[in-house]
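Got your viewer open? Let's take a short walk through this one, with a selection to make at each stop.

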Amino acid sequence: MENWIPLTDKELKYVWKTFYRDFKFKPSISRFPSFQVPSPFITYDISAYFEESSLLLADEDFEKKALLVF
């Protein structure tokens, strides 16, 4: 996965601050969902990429699909 770079500490703080604000994010283990998304929205099921047998081979495929979607 060579198309991604880590965020600096400053960028990371900005991203999380924006995420908390824009999605009204309030982490909780008892209230679900703990965030609100604007409508309309699309949900993608990526659970197959987290199965142990597919982790090694999935990285490159996942990256290609993510770049197409975003």
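How exposed or buried is F23? Select F23 and turn on a surface: F23 is partly exposed, at a relative accessible area of 24%. One thing to keep in mind as you click around is that this is a predicted model.

Next, add F19 to the selection. F19 comes out partly exposed too, with a relative accessible area of 27%. The rings of F19 and F23 make a tilted aromatic pair, with 4.9 Å from centre to centre and 35° between the planes.

Keep F19 and bring in F25. This pair is edge-to-face, with the ring centres 5.1 Å apart and the planes at 65°. F25 counts as buried because its relative accessible area, 18%, falls under the 20% cut-off.

Now widen the view by selecting W16 and Y20 as well. Together with F19, F23 and F25, they form one aromatic cluster. Across the structure there are five aromatic pairs, and the F19–F23 and F19–F25 contacts you just looked at are among them.

Switch to cartoon and pick helix 1, residues 9-22. Want a quick sanity check? Put a distance label on its end C-alpha atoms: they are 20 Å apart, which agrees with the 20 Å that 14 residues should span at 1.5 Å a residue.

Last stop: K24, just after helix 1. Check its backbone torsions, and you'll find a positive phi of about 50°.

Technical notes
Residues are numbered from 1 along each chain as its sequence is written. This is a predicted model: local features need pLDDT of at least 70, side-chain atom pairs count only at pLDDT 80 or more; totals for chains, interfaces and linings use all residues. Side-chain values use heavy atoms; hydrogens and water are left out. Rings of Phe, Tyr and Trp (its six-membered ring) pair if their centres lie within 6.5 Å; planes under 30 degrees apart count as stacked, over 60 as edge-to-face and the rest as tilted. Buried means under 20% relative accessible area, exposed over 50%, partly exposed in between (1.4 Å probe, protein chains only). Helices (H or I, at least four residues) and strands (E, at least two) are DSSP runs, numbered from the N terminus. The expected span of a helix is 1.5 Å times one less than its number of residues.
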